[in-house]
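I opened this notebook to keep track of what I looked up, one entry for each topic. I wanted every entry to say plainly where I looked and what I found there.

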Amino acid sequence: MFLFSSHVFKLVTTKDYRRHFLKQRGWIIALIMFMSSFEIAISQNQTPQPESTQVLQLHYQDRHVVMDNGIFQLTLSNPEGFVTGIQYNGIENVLAYDSKEDDRGYWDLVWNFPGKKTKKTKGTLDRIEATKMEVKTQNDELIELSFSRTWNTSSTTAVPVNIDKRFVMLRNSSGFYTYAIFERLQGWPAVELDNIRLAIKLNKDKFHYMAISDDRQRYMPLPDDRIPPRGQPLAYPEAVQLLDPIEPEFKGEVDDKYEYSMESKDIKVHGWISTNDSVGFWQITPSNEFRSAGPLKQFLGSHVGPTNLAIFHSTHYVGADLIMTFKQGEAWKKVFGPVFIYLNSFPKGVDPLLLWHEAKNQTKIEEEKWPYSFTASDDFPASDQRGSVRGRLLVRDRFIRSEDIPANGSYVGLAAPGDVGSWQREYKGYQFWSKADENGSFSINNVRSGRYNLYAFAPGFIGDYHNDTVFDISPGSKTNLGDLVYEPPRDGSTIWEIGVPDRTAAEFYIPDPNPTFVNKLYSNRSDKYRQYGLWERYSELYPDEDMVYNADVDDHSKKWFFMQVTRKQANGGYNGTTWQIRFQFDDKMKKLTGNFTLRIALATSNVAELQVRVNDPSANPPLFTTEQIGKDNTIARHGIHGLYWLYNVNVPDSSLRLGNNTIYLTQPLATSPFQGLMYDYIRLECPDSINYLTRS
């Protein structure tokens, strides 16, 4: 173990140094500090994981029930099932105690009867107020409570879904688990669900530091700073410029919850720290099997409030394709969760910001325990009631390498039977994904019983792998698929390419934000696409003429603007834009005959259309059009991808010529600053009569 001298420890625990450390820290230093924190805790007869000799207790109060294991107390309204209080480490209530009881910790959903939604509303918000409380398990090791409500078949105003919210407390556990069972029975009315989540609002006087990843954490402004006149709403209500914040250091910054969204595969632990109390509040998600739309779907997590969210289903970054639609009479059941709400603390003298590292360690423990064996519901199967699938994925592209290529870093998953790429729009079932190793080997474990197709996508290659065999997974089954081969779309050798096929636009040119609209967390970083207002930077950089890109010499990271958006006009309106890709054909190309192929992979589209023309910008009709596609809203929400689209355009040799050639990419729809496209990758291929390697 390592010990710091008193003057060094004082240095590294100052506020200014902590900020510098958390931006510049190396893993070795972090490890030393973390190990030191444990030694200090032990020297004071305290441990990061407190234990209690108290027997689990369940107390009944007027309209409340309290679960108590001696480490913390969880108070729930009875029978509604709202989280009204969490007492921990001397803090009477870590929640927003000045809020209404139903506005502190709750499950909710947004829903509609089909055709009932109006333009002025996103749907009906239902805070899922239960009508019955029941003790499912109570013994020396755990307590599990159920808060449920049953749909009344005669109702014409309530969502036709039975909902059972569960809360679990374990002995000697510094936190609680929660999950919910949603069920529709045959014969019930059609319905649409837009959003399903768990929301917890913390005490704003205590929790000021937010951490959602190793490099995305900071002290946060207060919710009061967002309210006029302290804050000024910008292009949409979620984005607010802080004009007169309580803490002057935030003056001028933009706060927007979408700047803190995360991909599903990365949502493992996030939360808040009360630095004065040295207390952390975390949400830990050991598995994302119950979330919609696969590992790349983006969700909100923590943001100013201080708010901590577990979003299980939403339309964010996808749009209407992810409205959960049930037909008349359609039955359905799904378990969302469990997630673990974890609290931790350090003794005085230990840097409280290191609670993040301890929470990450607890996350690994929870992942090893998954699937949990203590839940009382038969709808959540234990490990021995699940199956597994393993195999190896190879990529076959004769224009890159003569032998098959191990799909290193590919994501391989099981989802409901469907078409190529259908997993990114799937929401009613469960999905199970694994990342392949350097040999392309993958193992998908703890798969629920059911019928699945196998899907995959590999970095560096366009398109999606789809195995249309329907795999029936049963309890205890172990399926070995052996070697699987993905042949990405390819007709001929590469003439030129723009970008990197990774399903995002992150590798393209991302400008610095307008200095007036900055979130300091994302300054001088590769993910500065999260900054507000970058859509306006295109018109500033290209005030009169659109982008022209020379595929033979230009660098996509310096020249290709990362989103093709509308151009704002002086009168306040917007125009569509046309980008040019210029390239040359020399004498060796004149022997090529037949169709060339233009591969265009889009990372996102929002109420946009892509038209392709070759050497004639006014050709009508264009050589190719997608027509209007997408409602991802990625541009406004600071994303770098939404839904993935792949188009293969046949380019007749007669449309190309020796010397200079130009491909025109037009996005003509222009009623909003947020309409547009992001490209993932573009490639022009020779006709398939030419067969030779173009890359080593």
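Entry 1, the annotated spans. I began with residues 408–481, where the chain is 0% helix and 50% strand, and where the end C-alpha atoms are 17 Å apart. I reminded myself that I was reading a predicted model. I then turned to residues 494–684, a span that is 6% helix and 38% strand, with its end C-alpha atoms 6 Å apart. I had chosen both spans from the record, since an unreviewed UniProt entry carries the annotation "domain: Rhamnogalacturonan lyase" over residues 408–481 and 494–684.

Entry 2, an open sheet. I followed an open sheet of 4 strands, and I wrote down its order as E28-E27-E30-E31, with antiparallel pairing. Which strands are the edge strands? I noted strand E28 (432–435) and strand E31 (465–473), each of which pairs on one side only. From one strand to the next, the twist averages 20 degrees. I then looked at strand E27 (residues 411–415) and strand E30 (residues 450–457), which run antiparallel and are joined by 5 bridges. As one of the partners, I picked out Tyr411, which is bridged to Phe457 in E30. I came back to Phe457 for its ring, and found that Arg503 lies over its face, at 4.6 Å from the ring centre. I also noted Arg425, which lies over the face of Trp645 at 5.2 Å from the ring centre.

Entry 3, strand E10 and its partners. Is E10 mostly covered or mostly uncovered? I found that 9 of its 10 residues are buried, and so I entered E10 as mostly covered. Strand E9 (residues 162–170) pairs with E10 in the antiparallel sense over 8 bridges, and in this pairing Phe167 stands opposite Thr178. E9 and E10 form a hairpin with 4 residues between them, and in the turn I noticed Asn172, which has a positive phi of about 60 degrees. E10 is also joined to E24 by 9 bridges, and the two run antiparallel; here I wrote down Ile181, whose bridge partner in E24 is Val335.

Entry 4, aromatic pairs. I noted that the structure holds 48 aromatic pairs, and I took two of them for a closer look. Why is the pair of Tyr177 and Phe340 called stacked? The ring centres are 4.3 Å apart and the planes are at 20 degrees, and planes under 30 degrees apart count as stacked. Because Tyr177 lies in strand E10 (residues 175–184) and Phe340 in strand E24 (residues 332–345), this pair ties together parts that are 163 residues apart in sequence. I checked the burial as well, and both Tyr177 and Phe340 are buried.

The other pair was Trp579 and Tyr679, whose ring centres are 5.9 Å apart and whose planes are at 35 degrees, so I entered this pair as tilted. It links distant parts of the chain, with Trp579 in strand E38 (residues 577–585) and Tyr679 in strand E45 (residues 676–685), 100 residues apart. Trp579 counts as buried because its relative accessibility is 0%, and Tyr679 is buried with a relative accessible area of 0%.

Entry 5, helix H5. I listed the buried residues of helix H5 (residues 534–541), which are Leu534, Trp535, Arg537, Tyr538 and Ser539. I then looked up what these buried residues pack against, and found strand E35 (564–565), strand E36 (567–568) and E38.

Methods: Residues are numbered from 1 along each chain as its sequence is written. This is a predicted model: local features need pLDDT of at least 70, side-chain atom pairs count only at pLDDT 80 or more; totals for chains, interfaces and linings use all residues. Side-chain values use heavy atoms; hydrogens and water are left out. Two strands pair if DSSP finds at least two bridges between them. Axes are lines fitted to C-alpha atoms, for helices over the stretch in contact, and angles run from 0 to 180 degrees between N-to-C directions. Rings of Phe, Tyr and Trp (its six-membered ring) pair if their centres lie within 6.5 Å; planes under 30 degrees apart count as stacked, over 60 as edge-to-face and the rest as tilted. Buried means under 20% relative accessible area, exposed over 50%, partly exposed in between (1.4 Å probe, protein chains only). A charge sits over a ring if NZ of Lys or CZ of Arg is within 6 Å of the ring centre and within 35 degrees of the ring normal. Contact means heavy atoms within 4.5 Å. UniProt positions are given in the numbering used here, feature names are shortened, and annotations may be inferred rather than shown by experiment.
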